[in-house]
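Reader: Could you show me how to read a helix packing and a ligand site in a model such as this one?

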Amino acid sequence: MTAALRIAVPSKGRLAEPTTRLLREAGIPIPADDRRLLVPIAGQDVELLLARTDDIPTLIRDGAADLGVAGGDQLSEHGADGLAVRVQLGFGACRLVIAVPAGSNIAGSASLAGRRIATSHPVVLGAHLAARGIEADIVTLSGSVELAPTIGAADAICDVVSTGETLRRNGLRELEEVLQSEAVLLARAGASTDERIAILCTAIESVLAARPKRYLMLNTPDAALEAVIALLPGLSAPTVLPLARSGMHAVHAVVDAAELPRLLHPLKEAGATGLLVLPIEHLIP
Ligand code: AMP
C-alpha cells in the first residue's frame with residue numbers, strides 16, 4: 001500500500017485558519033481541537049502535518065510532505081527550486097513594500113542608496129534593489145521589522161502589508177511596492193503523476209471557483225421570461241424549465257454574489273417571483 005498523501009498545513013499564523021477551512025470545504029474533514037502534529041484523516045488516504053508556514057516549502061522539497069500551503073512571498077524569498085505551484089489560493093493576499101518614516105526626506109528608490117533597510121525578505125529586496133542599480137545596506141531581521149526605524153536600527157523597511165494599518169500605526173509611509181503575494185498550494189516539482197494530488201487540486205479549485213458565486217432560482221410568467229433572462233448576467237445561458245402550472249417558467253442561473261443585491265429589484269420589477277438564492281459548494285466552469 002502506498003503511504004498516505006501528506007499535506008503540510010500551517011499550524012498557526014495568518015494562513016492557518018483559511019487553509020483549514022478550505023481543506024474542510026474540499027472534503028477533508030479535519031478534526032477540531034486535535035493537538036497532534038500528524039493527524040490521520042478518518043476514512044481517507046490522507047494525513048495532515050501541522051507545521052510552521054516558513055518550513056512548509058522545505059518539507060515538501062525534502063519529501064516529508066506531498067502538498068502544502070505557503071505564502072507566495074516566502075517562495076520568492078526561500079526559492080522555488082524543486083517545487084511546483086499547483087493552485088493560487090486567493091487568500092493571504094499581501095504586498096511586500098518599502099516604507100520610510102512619514103517625515104523622512106527619502107522620496108524614491110534612488111534616494112535609498114547608502115541607506116539601511118530592515119527586512120525579513122533580504123533575497124527579494126536585494127534583487128529589487130540590484131535591478132534598479134541601488135546599493136543599500138540590508139539589515140536582516142526575523143520579526144518586528146516595522147519598529148526598526150523607531151529604534152534607530154534602519155532608515156527604511158521592506159515588509160509585508162495587507163491593509164497598511166501597521167505601517168500607519170508605526171508612523172511609516174509606503175515608498176514603493178516590491179511584490180504582490182497570496183497563499184499557494186505547493187507540490188514537489190514532477191509529482192504531477194500522483195492522481196491523488198490531481199483529485200485534491202480539482203476539489204480545491206472547485207471550492208475556490210464557487211465562493212464568489214450564488215445559485216439563483218426564480219419563477220416568471222411566460223410574458224416576462226425574455227425580460228428576466230435579459231437581466232441575468234453569466235457566461236452561459238440560464239436554465240429555463242416549464243412549471244407544472246402553465247404560463248410560468250422557472251429560471252436558474254449562476255450569478256456573482258457581488259452583483260446580486262443590484263439584480264434582485266429589477267428581477268422583481270420585471271415580474272419574477274419566488275426568488276431563491278443558494279450557496280454553491282463546488283463549481284467547475
Ligand atoms: P505567518 O507568519 O505564519 O502568519 O504567515 C505569514 C504569511 O502570511 C506571509 O508570508 C504572507 O504570505 C501572509 N500574509 C498575509 N498578510 C500578511 C500581513 N499583513 N503581514 C504578514 N504576512 C501576511
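**Ligand site and helix packing**

Author: This is a predicted model, and we can start at the ligand, where an oxygen atom of the ligand is 2.9 Å from a polar backbone atom of Arg-14.

Reader: Which side chains make polar contacts with the ligand, and at what distances?

Author: A pair of N or O atoms within 3.5 Å is taken as a polar contact. Here a polar side-chain atom of Asp-73 lies 2.5 Å from a ligand oxygen atom, while a side-chain N or O atom of Ser-162 is 2.8 Å from a nitrogen atom of the ligand. Of the 490 Å² of accessible area that the ligand has on its own, the protein covers 77%.

Reader: How many residues surround the ligand?

Author: There are 15, and the closest are Gly-13, Arg-14, Thr-53, Asp-73 and Ser-162.

Reader: What is the angle between helix H1 and helix H6, and how should I read it?

Author: Angles of 65 to 115 degrees count as roughly perpendicular. Helix H1 (residues 16-25) and helix H6 (residues 195-210) pack at about 105 degrees, with their axes 9 Å apart, which means that H1 is roughly perpendicular to H6.

Reader: Which residues meet there?

Author: Leu-22, Leu-23 and Glu-25 of H1 meet Ile-204, Val-207 and Leu-208 of H6, and the residues of this contact comprise five nonpolar, no polar and one charged.

Methods:
Residues numbered from 1 in each chain as written. Predicted model: local features only at pLDDT ≥ 70, side-chain atom pairs only at ≥ 80, totals over all residues. Heavy atoms only, no water. Axes fitted to C-alpha atoms, helices over the stretch in contact; angles between N-to-C directions. Helix = DSSP H or I, 4+ residues; strand = E, 2+ residues; numbered from the N terminus. Parallel < 35°, antiparallel > 145°, perpendicular 65-115°, else oblique. Contact = heavy atoms within 4.5 Å. Nonpolar A, V, L, I, M, F, W, Y, C, P; charged D, E, K, R; others polar. Near = heavy atom within 4 Å. Polar contact = N/O pair within 3.5 Å; in protein donor to acceptor, adjacent residues only side chain to side chain. Areas by Shrake-Rupley, 256 points an atom, 1.4 Å probe, with all protein chains shown as cover.
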